[in-house]
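Grab a coffee and open the viewer. Below are some short exercises, each with a solution worked out step by step.

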Amino acid sequence: MRENGAVTSATRQSEPPAFATPPRLIATDLDGTLLRDDKSVSPRTVAVLAAAEEAGIEVFFVTGRPARWMDVVSDHVHGHGLAICGNGAAVVDLHGRPGAHRFVKVRDLARENALDAVRLLREAAPGTVYAIEQTYGFHQEPAYPKLHLEIPDHLLAAEEILAADGPSAGEPVLKILAYHPDLDPDAFLTLARLAVGDRATVTRSSPSALLEISGPGVSKASTLALECAERGISREEVVAFGDMPNDVEMLTWAGRSYAMGNAHPAAVAAASGRTVANNEDGVAVVIEQLLAARA
């Protein structure tokens with residue numbers, strides 16, 4: 001864990017952040033971080049993202065969202081147009097229309113591992129219900145609550161969905177969503193990680209007891225590291241922003257990282273600095289200072 005710096009004030013600006021190595025890439029989470037609580041991108045944030053790209057700093061949206069939910073920021077991508085979705089399970093080209101985005105990279109969850117995770121978590125936390133995210137498909141169990149405001153492709157038990165001859169059997173599984181109606185969210189996360197072990201990566205980004213289960217070693221950080229390596233960008237040249245446990249690895253990996261003023265304690269502990277809350281444009285505050293320091 002890192003020693004955190006002072007919180008950046010939205011009204012009383014601190015000195016521009018000092019970087020031993022000039023940043024070349026900004027990696028930002030969306031919900032609770034770049035997006036305001038109403039899921040909008042403020043005009044201030046839109047302007048500063050464009051200014052960063054104009055200054056030669058690449059911007060990557062790095063989110064737990066599936067590709068089909070990226071329309072909220074698809075008008076604000078510049079240059080490469082890529083985003084990391086599903087907590088690192090996919091790299092998506094957002095230049096295509098919503099629902100038909102091109103998958104540049106897929107790091108799927110093997111069905112054998114997925115079935116193991118479902119079984120082990122059912123045993124460890126009776127009452128857990130599941131949904132399955134694929135590249136283009138979404139399936140859920142009948143008892144899974146209406147959390148996502150969309151109609152699933154199939155209503156079946158997770159074991160049937162994940163079977164070798166199940167629906168969309170030829171389509172990669174990006175992640176499993178596991179919901180428990182009664183457990184504390186952090187307690188559920190700890191329990192699930194112990195139960196599943198190294199068969200999958202378990203994290204969470206929701207305020208409810210909703211877990212996200214991806215392939216072994218798949219995280220926002222590991223996929224971001226791959227994208228940076230392809231561009232010859234070192235971790236020291238990356239600035240990251242996040243607010244929830246699914247951001248912890250990315251906040252730890254990046255050379256400089258900021259937890260939002262509204263962040264979960266795990267994100268605060270992982271980041272090297274803090275900024276103000278998402279509703280106060282905390283990402284924009286830091287990027288403005290970063291650009292001022294470059295100037």
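## Exercise 1: A hairpin and its next-door strand

Leucine 82 stands opposite aspartate 93 in S4. Bear in mind that this is a predicted model.

**Task.** Work out how strand S3 and strand S4 are joined, and which strand pairs with S4 besides S3.

**Solution.**
- Step 1: start with the pair. S3 covers residues 82-85, and four bridges join S3 to S4 in the antiparallel sense.
- Step 2: look at the connection. S3 and S4 make a hairpin with four residues between them, and glycine 86 in that turn has a positive phi of about 60°.
- Step 3: move on to strand S5 (residues 102-106), which is also linked to S4 by four bridges and runs antiparallel to it. To find your place, use alanine 90, whose bridge partner in S5 is valine 106.
- Step 4: check the side chains of S4 (residues 90-93). Ala90 and Val92 point one way, Val91 and Asp93 point the other way, and all are buried. That fits a general pattern: in a regular strand, side chains alternate between the two faces of the sheet.

## Exercise 2: One face of a helix

**Task.** Find out which residues of helix H2 are buried, and where they sit around the axis of the helix.

**Solution.**
- Step 1: get the dimensions. H2 runs over residues 43-54, so to speak 12 residues, and spans 17 Å from its first C-alpha to its last, close to the 16 Å expected at 1.5 Å a residue.- Step 2: list the buried residues of H2: Thr45, Val48, Leu49, Ala52 and Glu53.
- Step 3: look down the axis. The buried residues of H2 fall within an arc of 140°, so they line one face of the helix.
- Step 4: turn to the other side of H2, where Pro43 and Glu54 are exposed.
- Step 5: ask what covers the buried residues of H2. The cover includes strand S1 (25-28), helix H1 (30-34), strand S2 (58-62) and helix H9 (282-294).
- Step 6: step past the helix. H2 is followed by glycine 56, which has a positive phi near 90°.

## Exercise 3: An enclosed strand

**Task.** Decide how many of the five residues of strand S12 are buried, then find the strands that pair with S12.

**Solution.**
- Step 1: count. S12 covers residues 238-242, and five of the five are buried, so the strand is largely enclosed by the rest of the structure.
- Step 2: sort by direction. Val238, Ala240 and Gly242 point one way from S12, while Val239 and Phe241 point the other way.
- Step 3: add the pairing. S1 is joined to S12 by four bridges, in parallel, and valine 238 in S12 is the bridge partner of leucine 25.
- Step 4: do likewise for strand S13 (residues 256-259), which pairs with S12 in the parallel sense over four bridges. Here phenylalanine 241 has tyrosine 258 in S13 as its bridge partner.

## Exercise 4: A six-stranded sheet and its helices

**Task.** Which strands are the edge strands of the open sheet, and which helix packs on the sheet, touching S6, S9 and S11?

**Solution.**
- Step 1: write down the order, which is S8-S7-S6-S9-S11-S10, with mixed pairing among the six strands.
- Step 2: read off the edges. Strand S8 (154-155) and strand S10 (201-203) each pair on one side only.
- Step 3: place helix H3 (residues 111-124). H3 packs on the sheet and touches strand S6 (129-134), S9 and S11, and its direction makes about 165° with that of S6.
- Step 4: place helix H5 (residues 185-196), which lies across S9, S10 and S11 and runs at about 175° to S10.
- Step 5: zoom in on one pair. Strand S9 (residues 173-179) and strand S11 (residues 210-214) run antiparallel and are joined by four bridges; alanine 178 is opposite leucine 211 in S11.

## Exercise 5: Threonine and cysteines

**Task.** Is threonine 223 buried or exposed, and how many disulfides does the whole structure have?

**Solution.**
- Step 1: locate threonine 223, which lies in helix H6 (residues 220-231).
- Step 2: apply the cut-off for buried, which is under 20% relative accessible area. Threonine 223 has 1% relative accessibility, so it counts as buried.
- Step 3: list its contacts. Leaving aside neighbours within four places in sequence, threonine 223 touches Ile84, Gly88, Val91 and Arg107.
- Step 4: turn to the cysteines. Cysteine 85 is buried at a relative accessible area of 2%, and cysteine 228 is buried at 1%.
- Step 5: look for disulfides. A search of the whole structure finds zero.

Methods. Residues numbered from 1 in each chain as written. Predicted model: local features only at pLDDT ≥ 70, side-chain atom pairs only at ≥ 80, totals over all residues. Heavy atoms only, no water. Pairing = 2+ DSSP bridges. Helix = DSSP H or I, 4+ residues; strand = E, 2+ residues; numbered from the N terminus. Contact = heavy atoms within 4.5 Å. Axes fitted to C-alpha atoms, helices over the stretch in contact; angles between N-to-C directions. Disulfide = S-S within 2.5 Å. Buried < 20%, exposed > 50% of the residue type's maximum accessible area, 1.4 Å probe, protein only. Expected span 1.5 Å × (residues − 1). Arc of directions from axis to C-beta.
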